[in-house]
Amino acid sequence: MKLASWNVNGLRAVVKKGELASFLDDERPDVLCLQEVKLKPEQVDFHLAGYQLILNSAERAGYSGTGMLVRSELFGEVTAAQIRRNIPTEIANDFGLGRDEFGDANAEGRVLVLELDDFYLCTVYTPNAKSDLSRLELRYTQWDPAFLSYMNQLRRDKPVIFCGDLNVAAREIDLANPKQNVGKHGFTDEERQGFANILRDGFADSFRLLHGDEPDQYTWWSHWARARERNIGWRIDYFLVDERLSRQINRAMIYADRSGSDHCPIGVVIK
């Protein structure tokens, strides 16, 4: 089974550019997880042959949101009973996850779960701490522990794989200029600790699991100063795999040559 993930930074835009159809045709993922879809179901004016589109849209128009493209040939019609949206209210309340100056993070369409026969698959778009770190406290004390608690709740039933834009470079090797970015959003101690907690609880970073300390591997590049052309990037998109499945991961890919967004797709192949 091939799984892929892509922060598309606007689903309609990447469809219009032809980049999404090209990726699906060339790579044929069985599920493509999406972040920053930035649309509601009634705004879907396209069809991607062979795939069923599932969405979790933000309440705010044109913002955030997640989705999945599920290959119909393999899975048939996905039913409502297989789909779960957002962090459950009881878990959100346990961690005080609610509204801040930017809105309600749990109403921004950031979490979408699909139940499959052997595991749960989740796509997540983690809140950005913001350049002035104004959302760091929500991120560190509320969102990160609430989301991890939800993943741990699911895995009591069956293993979990989650993927997406986690908005953090976990280690110095995961960004081109670590020293210049210490303490800045995406590379604060708090955000990195949130990622470390994921590993502590028994999830494996699939790319590092198979590629070790391979350098210069990034998934996001700034639009400034020809950053992508120069490969001055950050690895902030991940597949985190329940340790019970880690030995079944055959491949972990970064599709750095794929354009259409400021992020590139990533993927795994699981036995």
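**Group meeting: selected features of a predicted model**

N181 is buried, with a relative accessible area of 16%. I begin with this residue, and I should say at once that the structure before you is a predicted model.

N181 belongs to helix α6, which covers residues 178-181. A polar atom of its side chain lies 2.7 Å from the backbone oxygen of N177. When neighbours within four places in sequence are set aside, the contacts of N181 are L175, F187 and W234.

Helix α6 leads us to the largest pocket. This pocket has a volume of about 610 Å³. Its lining comprises 29 residues, and those nearest the centre are N128, N167, H185, W220 and I236. Two elements, α6 and β13 (233-234), each give two or more residues to that lining.

The enclosed spaces come next. As a general point, empty space is revealed by rolling a probe the size of a water molecule over the atoms. In this model there are two cavities of 30 Å³ or more. The largest cavity has a volume of about 100 Å³. Which residues line the largest cavity? They are T126, R139, W143, D144, F147, L166, V168, E191, G194, F195 and I198. At least two residues of this lining come from α5 (136-154), and at least two from α7 (189-200).

I turn now to the strands, with β8 as the reference. Strand β8 spans residues 111-115, and four of its five residues are buried, so the rest of the structure largely encloses it. It pairs with two strands that I shall describe in turn.

On one side of the account is β5, residues 83-85, which runs antiparallel to β8 and is joined to it by three bridges. Within this pairing, I83 stands opposite L114. The other partner is β9, residues 120-125, also antiparallel to β8, with five bridges between them. Here L112 of β8 has T123 as its bridge partner. The connection from β8 to β9 is a hairpin of four residues. It is useful to recall that side chains in a regular strand alternate between the two faces of the sheet.

Strand β5 also contains R85. Is R85 buried, partly exposed or exposed? With a relative accessible area of 44%, R85 is partly exposed. Beyond its neighbours within four places in sequence, R85 is in contact with I54, L55, N56, V111 and L112. For L55 there is a further detail: its backbone oxygen lies 2.8 Å from a polar atom of the R85 side chain. As for R244, which is 159 residues from R85 along the chain, the C-alpha atoms of the two are separated by 24 Å.

I close with the cysteines. How many disulfides does the structure hold? The number is zero. Why is C33 not bonded to C163? The closest cysteine sulfur to that of C33 is in C163, at 3.5 Å, which is too far for a bond, because a disulfide requires the two sulfur atoms to be within 2.5 Å. Viewed from the other residue, C163 is likewise in no disulfide, and its nearest cysteine sulfur is that of C33. C33 counts as buried, at 0% relative accessibility. C163 also counts as buried, at 0% relative accessibility.

Key:
Residues numbered from 1 in each chain as written. Predicted model: local features only at pLDDT ≥ 70, side-chain atom pairs only at ≥ 80, totals over all residues. Heavy atoms only, no water. Buried < 20%, exposed > 50% of the residue type's maximum accessible area, 1.4 Å probe, protein only. Polar contact = N/O pair within 3.5 Å; in protein donor to acceptor, adjacent residues only side chain to side chain. Contact = heavy atoms within 4.5 Å. Pairing = 2+ DSSP bridges. 1 Å grid on protein atoms, 1.4 Å probe; cavity = no way out; pocket = protein on both sides within 12 Å on 5 of 7 lines; lining within 4 Å. Points joined across faces, edges and corners; volume = space filled by probe spheres on them.
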